[in-house]
Amino acid sequence: MKFTWFHLMPWPHMPDDFRQKHRSVWVDLPNRMYEPELGHIAYHQYLDQLEYAESVGFDGIGVNEHHANAYGLMPSPNIMAATLTRRTSKAALVVLGNSIALYNPPLRVAEEMAMLDVLSGGRLVAGFPVGTSMDTNYAYGTIPALTREKYAEAHDLIRKAWAAEEPFAFNGRYTKLRYVNCWPKPIQRLPPIFIPGGGSVETYDFCLDNTYSYSYLSYSGYLRAKLLMEGYWKRVAERKVDESPYRAGFAQVICVADTDAEAERLYGPHVNYFYNRCLHVYPGFADAPGYRTVKTIQTGALSQFTQAAARDYPNMSWKDLVDGRYVVAGSPETVRQQMEELIKTLRVGNIFCLMHVGNMPNDKVRYSTRLFAEKVMPHLRNLWPEWKNHDDRFWVHPMNEPVPLRVAAE
Amino acid sequence: MKTRFLTLKPSGVRIQVIEAGKGRDLLYLHGAGGHMPADPLIAALAAKYRVAAPLLPGYGQSTGEDGLRDMLDITLHGLDVLGALKLKKPIVVGHSMGGMIAAEMAAIARTEVANLCLLAPAGLWLDDHPIADIFSKLPYELPGLLFHDAEAGRKLLASGGDMNDPEFLKQFLVMNARRLGMAGKILFPIPDRGLGQRLHRITARTLIVWGTEDVLTPPVYGHAFKRAISKSKLVRIAKAGHAVGQEKPAAVLKAIKEFF
């Protein structure tokens with residue numbers, strides 16, 4: 001198993017009456033709520049937490065891209081990952097990812113990710129999401145019905161740019177470049193690529209065609225994810241490729257304490273903050289018309305945020321969220337049992353552990369993280385013995401002798 | 001009203017066309033919402049004209065939306081449909097998005113479009129008078145945005161429904177993905193694809209019609225169109241919103257009859 005400690009970096013200072021006062025955490029929430037000096041503290045605390053996760057043994061540390069929101073404050077995940085290259089040395093840097101349809105030209109992604117891979121000594125996991133509709137369409141203005149075509153072309157360009165050793169011309173519909181010439185190029189000739197997906201068959205096939213890992217980033221827990229992941233594994237079987245669990249990953253909110261009761265006491269308010277403020281997206285922004293294909297909508301695969309809008313989070317208690325396995329929370333033993341069930345039922349080799357939740361303070365984040373690393377993770381390591389805890393195709397290949405990093409004072 | 005299908009060559013795209021009435025030829029291009037059930041404007045126009053109302057790819061049973069990506073694609077598609085319908089010196093009427101397409105057609109093809117009627121057309125953007133973002137609206141918000149009399153509009157649209165009902169949500173998303181997905185190619189995120197630079201090319205006699213209570217595209221846009229098109233007249237219709245033709249079909253028919 002590979003465990004990535006994943007940060008969303010939410011704004012932790014939304015007021016108690018947030019839901020009543022604002023229709024959406026995304027797109028049109030006035031940024032007067034953002035206070036840069038408090039942002040300074042939050043950013044550094046969040047980066048410290050990612051570095052701490054490496055120190056306690058997580059395999060990867062993760063960041064992602066969002067725009068115009070208080071849900072996740074990383075318009076540029078590459079800037080965050082760049083800071084981590086200098087302060088970590090072992091963990092994979094899981095950038096999940098760059099919304100490649102948004103970069104003009106998308107060659108920028110090939111260049112920046114190559115920089116990250118070189119800086120980190122070959123520790124980059126590259127994620128290529130389409131991006132949420134809030135980000136891609138409403139905040140960044142991409143025409144919804146053309147988003148996927150633009151994405152596919154950007155992907156094509158990036159792969160070609162990484163593979164080429166000489167300049168070449170790229171005549172796309174959306175990007176035309178007479179000289180594509182990616183300096184620097186990545187240490188890993190092709191970094192492992194993770195694709196966040198939401199249940200469309202096209203995305204299953206895209207991952208299988210390219211040997212990319214399919215990542216389902218859900219906040220509604222593994223019970224509700226079962227159907228979708230079964231669809232994925234059914235497709236894997238139909239395509240007659242191997243069933244490596246590392247072909248798939250799942251994001252899970254996890255809270256560990258000494259006892260189940262302590263978990264509720266410590267984390268209850270922060271979980272509530274996450275589900276009721278961070279996920280409070282105006283339904284009109286969740287799925288711009290044309291963003292999803294008709295085929296995908298007909299399969300009932302709605303976005304995480306459309307689902308959130310349709311769910312009754314305000315009236316869900318801690319017990320509802322825990323019993324429904326939206327969150328995996330409790331004592332190390334409780335969490336171990338549930339995580340084992342999650343890993344086996346979804347057949348996933350990658351877990352994106354969401355251990356900072358909503359407005360959780362630093363000491364609780366570290367406490368929960370340490371308990372998970374020390375008392376849960378070791379018991380989950382070898383759930384796929386036939387794969388020996390690793391699949392070379394879906395994890396990083398760091399260089400042998402990276403430069404030893406020193407702080408400036410040394 | 002009856003339906004027939006055109007097959008465009010060489011693409012093989014099938015276009016659904018609603019036809020009604022007898023008289024002088026009139027081409028009607030719908031707005032981003034498509035035709036309304038038993039569209040009151042088409043019904044009114046049919047009393048005086050032979051109306052041909054094609055549905056844009058992505059609407060109704062018309063196909064071919066994947067081949068249309070930008071304003072030029074859609075403008076030329078409009079001219080292809082006009083040609084395939086074999087209309088004689090038609091009055092080309094377009095509402096909202098359809099008005100934007102009709103104006104583009106008139107700017108590009110002066111001989112084909114010599115008589116133009118724009119009903120609250122899209123296509124311009126004034127910073128001081130932003131147009132509402134129709135793409136992020138929920139179904140229950142639309143009647144108030146499109147009609148002066150929102151209650152009557154609600155009945156006409158026969159929409160409504162409960163976004164918390166997963167089945168309704170799915171149907172709404174499928175319909176919207178096709179229609180507004182297509183409309184988004186020229187209207188999202190700002191409904192301006194440079195028409196303002198081309199309006200001066202229009203030589204057609206042009207009637208511009210605006211509802212005085214249009215809250216989606218405020219009436220100030222009517223004056224902007226009027227100023228930019230040389231042989232044009234602006235008619236304002238009282239107690240009408242953005243769906244001016246559906247809300248006041250008789251008044252719009254009267255304005256068209258008097259002008260052409």
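The following exchange explains how several descriptions of this predicted model are reached.

Reader: What makes H3(A) and H4(A) roughly parallel?

Author: Helix H3 (residues 77-87) of chain A and helix H4 (residues 107-119) of chain A pack at an angle of about 15°. Angles under 35 degrees count as roughly parallel, so H3(A) is described as roughly parallel to H4(A). Their axes are 9 Å apart, and H3(A) passes H4(A) in a left-handed crossing.

Reader: Which residues make the contact of H3(A) with H4(A)?

Author: From H3(A) come Asn78(A), Ala81(A), Ala82(A) and Thr85(A), while H4(A) supplies Glu112(A), Leu116(A) and Leu119(A). In this contact of H3(A) with H4(A), four residues are nonpolar, two are polar and one is charged.

Reader: Why are H2(B) and H3(B) called roughly perpendicular?

Author: Helix H2 (residues 71-85) of chain B and helix H3 (residues 97-108) of chain B pack at an angle of about 80°. The range for roughly perpendicular is 65 to 115 degrees, and H2(B) and H3(B) therefore receive that description. The axes of H2(B) and H3(B) are 9 Å apart.

Reader: Which residues bring H2(B) and H3(B) into contact?

Author: On H2(B) they are Met71(B), Ile74(B), Thr75(B), Gly78(B) and Leu79(B), and on H3(B) they are Ile101(B), Glu104(B), Met105(B) and Ile108(B). The contact of H2(B) with H3(B) holds six nonpolar residues, two polar and one charged.

Reader: Where does H3(B) lie with respect to the strands of chain B?

Author: H3(B) lies across strand E3 (24-29), strand E5 (91-95) and strand E6 (115-119) of chain B. The direction of H3(B) is at about 140° to E5(B).

Reader: What is the order of the strands in the open sheet of chain B?

Author: The eight strands are arranged as E1-E2-E4-E3-E5-E6-E7-E8, and their pairing is mixed. The twist averages 25° from one strand to the next.

Reader: Why are E1 and E8 of chain B placed at the edges?

Author: Strand E1 (2-7) and strand E8 (232-237) of chain B each have a single partner strand, so one side of each is left without a neighbour in the sheet.

Reader: What makes the pairing in this sheet mixed?

Author: Both senses occur among its strands. E1(B) and strand E2 (residues 14-20) of chain B run antiparallel and are joined by six bridges; Thr7(B) has Arg14(B) in E2(B) as its bridge partner. By contrast, E6(B) and E7(B) run parallel, with five bridges between them, and Leu118(B) is partnered by Ile208(B) in E7(B). E7(B) and E8(B) also run parallel, through six bridges, and there Thr206(B) has Ser232(B) in E8(B) as its bridge partner.

Reader: How do you know whether E7(B) is enclosed or open?

Author: A residue is buried if 20 or more other C-beta atoms lie within 10 Å of its own. Six of the seven residues of strand E7 (residues 205-211) of chain B are buried, so E7(B) is largely enclosed by the rest of the structure.

Reader: Is E6(A) enclosed or in the open?

Author: Among the five residues of E6(A), the number buried is zero, so E6(A) lies largely in the open.

Reader: How many bridges pair E5(A) with E6(A), and in which sense?

Author: Strand E5 (residues 168-171) of chain A and strand E6 (residues 176-180) of chain A pair over three bridges in the antiparallel sense. A hairpin of four residues joins E5(A) to E6(A), and Asn171(A) stands opposite Lys176(A) in E6(A).

Reader: Why does Pro10(B) count as exposed or buried?

Author: The limit for an exposed residue is 12 or fewer C-beta neighbours. Pro10(B) has 5 inside 10 Å and therefore counts as exposed. Pro10(B) is found in the loop between E1 and E2 of chain B. From Pro10(B) to Leu145(B) the separation is 135 residues in sequence and 39 Å in space, C-alpha to C-alpha.

Reader: How many residues does each chain give to the contact of chain A with chain B?

Author: Chain B gives 22 residues and chain A gives 19 residues. On the side of chain B, 12 are nonpolar, five polar and five charged.

Methods
Residues numbered from 1 in each chain as written. Chains lettered and ligands numbered in written order. Predicted model: local features only at pLDDT ≥ 70, side-chain atom pairs only at ≥ 80, totals over all residues. Axes fitted to C-alpha atoms, helices over the stretch in contact; angles between N-to-C directions. Helix = DSSP H or I, 4+ residues; strand = E, 2+ residues; numbered from the N terminus. Parallel < 35°, antiparallel > 145°, perpendicular 65-115°, else oblique. Left-handed = near helix turned anticlockwise from the far one by under 90°. Contact = placed C-beta atoms within 7 Å. Nonpolar A, V, L, I, M, F, W, Y, C, P; charged D, E, K, R; others polar. Pairing = 2+ DSSP bridges.
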